[in-house]
Amino acid sequence: MPLTQQTVAIVKATVPTLAEHGTIVTRTMYQILFRDPEVAALFNQSHQGEEGAQTKALANAILAYARNIDNLGTLTPMVERIAQKHVGLQILPEHYPHVAAALLGAIREVLGTAATEEVLDAWGEAYWHLARILMGREGRIYDALANESGGWSGWRDFVVTRRVRESGTITSFHLSPSDGGPVIRHRPGQYLTFLLPLPGRAPLRRNYSISAGPDTLGYRISVKREPHGAGSNWLHDHAQEGTALKVSPPAGDFFLPEQPERPVVLLSGGVGLTPMVSMLEAIAAAPTTVEAHYVHGTLNSATHAMDEHIRRLAASRPGIRVSTFYSDPLPGDRSGVSHDTAGFITVEWLRANTPFHNADFYLCGPKPFLKAFVGGLALAGVPRAQVHYEFFGPAEDLEAA
């Protein structure tokens, strides 16, 4: 059922107020939501820190919805990204009323007398209109995953079959289903979501990119130990061979197409290499050859993961070129041996050494890395439709020039 014209007019009239007070509304909304421990457990709490980035991201999303409520087609990419995240986290229709109550409660609390019953009714109608769109898309994704060969719904039991130290900070975990059955052939670039048990608290939900090419037998994730990362530290400290883990099906709208139309540049920083390794394995195994440039930046040999594996893949197929950058080489690191270039990857280097305007760029890395290149590539003339990126966390301003 379409929104009424009255609702559209009222919601659009709240845009200036949301622009001014949106982050306070969303911060209050999260405070209301997290009063219920079961609801709080549905969220990745690590995204709630980082200088209020999650509240800002949600505020921007709500503001975008309000501005485009009479032209929702422009929000299709945002809806798809949210739906994929919800599927990974196993968000279900019964969870939506909690968010509705918290959002309307926050609007009432923050806006005070400006939050008239007419405004609250309009935002209630607008919320459930978007919720129905999301639930419909999520339902279709859930059904497709459950019915796909090797597919499943909900949380499936996996076991760690192998553990490999890739660098001083990154460890790979090879996973196979406990029931011995096949798994979905993921799209290279997608991620898995894990329900990690922590003593004395609710299980953690964490996303980790699959770092291997599509397969029907199992998956591999490669995880960096973060200083304050509850999920990554638990995996490094407790996930040994034989450890059981609960995993939801592969998800994500960031992936390499089965038949790329253009040359591909896989651009990563630090542990952002994980989806790129999956993509490069898929390219190396494909029946047709595509020109591919794997460009990776890291500190030095102590943090450089999976280099030998990458170079073996490149040697196995024509058209694959590998370029690695060390921003802080160790005394024993040698250019041309441990890495290709000392310093940082730059847009100028990419322009000179890759099929710049004719390539699809796939990016993954820390937020400063992505901010530099998502906007930098666009400013340098690469069409935005040819720049694809993955970021675990609020990506509210990565495209800001």
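Here are some notes on the helices, the two sheets and a couple of single residues in this predicted model.

1. **A bent helix near the start.** Begin with H2, which covers residues 15-33. With 19 residues, a straight helix would reach 27 Å at 1.5 Å a residue, but the end C-alpha atoms of H2 are only 23 Å apart. Look along the helix and you'll find a kink of about 70°, centred on His21.

2. **What sits around H2.** Plenty of H2 is tucked away: Val15, Leu18, Gly22, Val25, Thr26, Thr28, Met29, Tyr30, Ile32 and Leu33 are buried. The cover over these residues includes the helices H1 (5-13), H3 (37-40), H4 (53-67), H6 (96-111) and H7 (117-147).

3. **H5, for contrast.** Now try helix H5, residues 76-89. Its 14 residues reach 20 Å from first C-alpha to last, close to the 20 Å expected at 1.5 Å a residue. Its buried residues include Val79, Ala83, Val87 and Leu89, and also Glu80, Gln84, Lys85 and His86. Among the elements covering the buried part of H5 are the helices H6 and H7 and the strands E3, E4, E6 and E12. Just after the helix ends, Gln90 takes a positive phi of about 65°.

4. **The antiparallel sheet.** In what order do the strands of the open antiparallel sheet run? There are six of them, in the order E4-E3-E6-E1-E2-E5. The edges are E4 (204-209) and E5 (219-224), and each of these pairs on one side only. From one strand to the next, the twist averages 40°. Strands pair through backbone hydrogen bonds, and this can be parallel or antiparallel.

5. **A closer look at one pair.** Inside that sheet, E3 (residues 191-196) and E6 (residues 244-251) are antiparallel partners over four bridges. If you want a spot to zoom in on, Thr193 has Ser248 in E6 as its bridge partner. There's a helix to find here too: H8 (residues 230-238) lies across E1, E2, E3, E4, E5 and E6, and runs at about 80° to E4.

6. **Lys246, a residue of E6.** Lys246 lies in strand E6. Is it buried or exposed? Somewhere between: with a relative accessible area of 37%, Lys246 counts as partly exposed. Leaving aside residues up to four places away in sequence, Lys246 touches Trp155, Arg156, Asp157, Thr193, Phe194 and Leu195. Ala64, on the other hand, is 182 residues away from Lys246 in sequence and 35 Å away in space, C-alpha to C-alpha.

7. **The parallel sheet.** The other sheet to trace is also open and has six strands, ordered E10-E9-E8-E7-E11-E12, with parallel pairing. Here the edge strands are E10 (341-342) and E12 (387-390), each pairing on one side only.

8. **E7, hemmed in.** Why can we call strand E7 largely enclosed by the rest of the structure? Because six of its six residues, 264-269, are buried. In a regular strand, side chains alternate between the two faces of the sheet. You can follow the two directions in E7: Val264, Leu266 and Ser268 point one way, while Val265, Leu267 and Gly269 point the other, and all are buried.

9. **The neighbours of E7.** E7 pairs in the parallel sense with E8 (residues 292-298) over six bridges, and with E11 (residues 360-364) over five bridges. Val265 is a handy marker for both: its bridge partner in E8 is His293, and Phe361 stands opposite it in E11. E7, helix H9 (residues 273-285) and E8 together make a right-handed β-α-β unit.

10. **Further out in the parallel sheet.** E8 also pairs with E9 (residues 320-326), in the parallel sense and over seven bridges. Thr298 stands opposite Tyr326 in E9. Helix H10 (residues 307-316) lies across E8 and E9, running at about 155° to E9. Helix H12 (residues 367-379) lies across E7, E11 and E12, at about 160° to E11.

11. **His296, a residue of E8.** Finish with His296, which is found in strand E8. Its relative accessible area is 1%, so His296 is buried, given that the cut-off is under 20%. Which residues does His296 touch, not counting those up to four places away in sequence? They are Ser268, Gly269, Gly270, Leu273, His304, Ser323, Thr324, Phe325 and Ile345.

Key: Residues numbered from 1 in each chain as written. Heavy atoms only, no water. Expected span 1.5 Å × (residues − 1). Bend = angle between axes of the 7 residues up to and from the residue. Buried < 20%, exposed > 50% of the residue type's maximum accessible area, 1.4 Å probe, protein only. Contact = heavy atoms within 4.5 Å. Pairing = 2+ DSSP bridges. Right-handed = clockwise from strand over helix to strand, strands pointing away. Axes fitted to C-alpha atoms, helices over the stretch in contact; angles between N-to-C directions.
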